[in-house]
Amino acid sequence: MSARPCADGLKIHEEYKRYKSLKKENLRDNMSNMELILSMLAEASTTEISKAQNPVGLEKSKEVARKGGAVAKTAREDLERETGRSVITKQNAKVLRGID
């Protein structure tokens, strides 16, 4: 599996960690502010959709999670279209925070 953004976004936690060249570091500690905000939007959207739809079973819960992720994906794509640049960055904490 390649560690790069794809049409559906970065699908799994480990792929995103590889994309940012992380080994044991915490992924959230190595996200830009915008990456963190969009991650939180996906989580909050999933929670709200779940409360509204009350999914039963793993498959229905996965469907709700995909819908929550789609909300954040739409926001990311809209922002990227408006700014002309990618929200997803390979930069890790050392680069983002100027740590040597």
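**Helix 2 and its partners**

Hi everyone, let's start in the middle of the chain: helix 2 buries Glu-35, Leu-38, Ser-39, Ala-42, Ser-45, Thr-46 and Ile-49. These residues span an arc of only 125° around the axis, so they sit on the same side of helix 2; the arc is taken from the directions from the helix axis to the C-beta atoms. By buried I mean under 20% relative accessible area, with exposed over 50% and partly exposed in between, using a 1.4 Å probe and protein chains only.

A word on where this comes from. This is a predicted model, in which local features need pLDDT of at least 70 and side-chain atom pairs count only at pLDDT 80 or more, while totals for chains, interfaces and linings use all residues. Residues are numbered from 1 along each chain as its sequence is written, and side-chain values use heavy atoms, leaving out hydrogens and water.

Now the overall layout. The chain has 4 helices and 0 strands, where helices (H or I, at least four residues) and strands (E, at least two) are DSSP runs numbered from the N terminus. Of the 100 residues in the chain, 29% are buried.

Back to helix 2. What sits on the face turned away from its buried side? There you will find the exposed residues Asn-33, Lys-51 and Ala-52. Right after helix 2 comes Asn-54, with a positive phi near 45°.

And what do the buried residues of helix 2 pack against? Their partners are helix 1 (13-19) and helix 3, with contact meaning heavy atoms within 4.5 Å.

Let's look at helix 3, residues 58-83. Its 26 residues reach 37 Å from first C-alpha to last, close to the 38 Å expected at 1.5 Å a residue; the expected span is 1.5 Å times one less than the number of residues. Its buried residues are Val-64, Gly-68, Ala-72, Arg-76 and Glu-80, and they pack against helix 2. Just past the end of helix 3, Gly-84 has a positive phi of about 75°.

Finally, the meeting of the two helices. The axes of helix 2 and helix 3 come within 7 Å and cross at roughly 140°; these axes are lines fitted to C-alpha atoms over the stretch in contact, and angles run from 0 to 180 degrees between N-to-C directions. Residues meeting here include Leu-38, Ala-42 and Ile-49 from helix 2, and Val-64, Gly-68 and Ala-72 from helix 3. Do have a look at those in the structure. Thanks, everyone!
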